[in-house]
Amino acid sequence: MAVVYLLLDVSGSTVRHGFHQRAAQALPAVVDRIERVRGDQAWLGMVTYADQAALLIPLTRVTGLHHLPVPRPGGFSSLAAGLRMLAGCTAHDTDQLAADGFATPRPIVVIIADGLPTDRDADVLAARAALDADVHALLPGHVPALAAAGLRATLHRHGPEHLPDLLETLL
């Protein structure tokens, strides 16, 4: 069984250089790749963040994802808001899966960001501390590695179009 969450930056800056468009175009391939690798034993959830976080896809078996919502860009990049919402989702979903009799592997979280968050570092770090997951960050090369170090995440230097390939290696 695999439980994957995407934490997607949909701030206003993502429309520059085509980040938002490439991320939206990659989502169907993400679902297809996860389903191909793990079949009906794979679950996917997605949280977006800008000024606030939003649960775009509640945790769902990938075989049940027939329609993917299109995230709308706008606002600032509150990664802390996204991490806080995701921490709540992963805790709730893990409890629900266990209550339903499923094995509960440690979730895989992939942060797909266009750049640095606009939050205070302390807020981002506190929100990350509440998240119990195997975290990976898909960040562009212009983001300093040191800036991402506090996320306690494996750093991947690719654009969002590489997300399906990354997930295949993680699964």
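This passage describes the central sheet of a predicted model and several residues placed around it.

According to the UniProt record, an unreviewed entry, the annotation "domain: VWFA" covers residues 1–171. Over residues 1–171, helix makes up 36% and strand 22%. The end C-alpha atoms of this span lie 9 Å apart.

The strands were examined next. An open sheet is formed by 6 strands, in the order β3-β2-β1-β4-β5-β6, and its pairing is mixed. Strands β3 and β6 (154–156) are the edge strands, each pairing on one side only. On average, neighbouring strands of the sheet are turned by 15° against each other, direction ignored. Helix α1 (residues 19–38) packs on the sheet, where it touches β1, β2 and β4 (108–112). The direction of helix α1 makes about 180° with that of β1.

In general, strands of a sheet pair through backbone hydrogen bonds, and the pairing is either parallel or antiparallel. Both arrangements involve β2 in this model: β1 and β2 run parallel, whereas β2 and β3 run antiparallel. Strand β1 (residues 2–9) is joined to strand β2 (residues 42–49) by 8 bridges. Within this pairing, tyrosine 5 has glycine 45 of β2 as its bridge partner, and aspartate 9 stands opposite tyrosine 49 in β2. On the antiparallel side, 6 bridges join β2 to β3. Threonine 60 in β3 is the bridge partner of leucine 44. The connection from β2 to β3 is a hairpin through 3 residues.

Strand β1 is largely enclosed by the rest of the structure, because 8 of its 8 residues are buried. Ala2, Val4, Leu6 and Leu8 point one way from the strand, while Val3, Tyr5, Leu7 and Asp9 point the other way, and all of them are buried. Tyrosine 5 and aspartate 9, described above by their partners in β2, thus belong to the set that points that other way.

At the edge of the sheet, leucine 155 and histidine 156 were considered in turn. Leucine 155 lies in strand β6. Its relative accessibility is 30%, so leucine 155 counts as partly exposed. Apart from neighbours within four places in sequence, leucine 155 is in contact with Ala137, Leu139, Ala145 and Ala148. Leucine 155 and alanine 122 are separated by 33 residues in sequence and by 20 Å in space, C-alpha to C-alpha. Histidine 156 also lies in strand β6. At 15% relative accessibility, histidine 156 counts as buried, because the cut-off for this class is under 20%. A polar contact of 2.9 Å connects the side chain of histidine 156 with the side chain of histidine 136. With neighbours within four places again left aside, the contacts of histidine 156 are His136, Ala137, Leu138, Leu139 and Leu166.

The structure holds 1 aromatic pair. Tryptophan 43 and phenylalanine 102 form this pair, which is edge-to-face, with 5.5 Å from centre to centre and 75° between the planes. The pair links distant parts of the chain, since tryptophan 43 is in strand β2 and phenylalanine 102 is in the loop between α2 and β4, 59 residues apart. The two partners fall into separate accessibility classes: tryptophan 43 is buried, with a relative accessible area of 12%, and phenylalanine 102 counts as partly exposed at 28%.

Two further loop positions were examined. Serine 78 is found in the loop between β3 (53–61) and α2 (79–99). With a relative accessibility of 10%, serine 78 counts as buried. The side chain of serine 78 is joined to that of aspartate 119 by a polar contact of 2.6 Å. Leaving aside neighbours within four places in sequence, the residues in contact with serine 78 are Tyr49, Ala50, Asp51, Thr118 and Asp119. Tyr49 is the residue of β2 that stands opposite aspartate 9.

Alanine 130 lies in the loop between α3 (121–129) and β5 (134–138). Unlike serine 78, which is buried, alanine 130 is exposed, with a relative accessible area of 53%. Alanine 130 and alanine 103 are 27 residues apart in sequence, and their C-alpha atoms are 22 Å apart in space.

Notes:
Residues numbered from 1 in each chain as written. Predicted model: local features only at pLDDT ≥ 70, side-chain atom pairs only at ≥ 80, totals over all residues. Heavy atoms only, no water. Helix = DSSP H or I, 4+ residues; strand = E, 2+ residues; numbered from the N terminus. Buried < 20%, exposed > 50% of the residue type's maximum accessible area, 1.4 Å probe, protein only. Polar contact = N/O pair within 3.5 Å; in protein donor to acceptor, adjacent residues only side chain to side chain. Contact = heavy atoms within 4.5 Å. Pairing = 2+ DSSP bridges. Axes fitted to C-alpha atoms, helices over the stretch in contact; angles between N-to-C directions. UniProt positions renumbered as here; feature names shortened; annotations may be inferred. Phe/Tyr/Trp six-rings, centres within 6.5 Å; stacked < 30°, edge-to-face > 60°.
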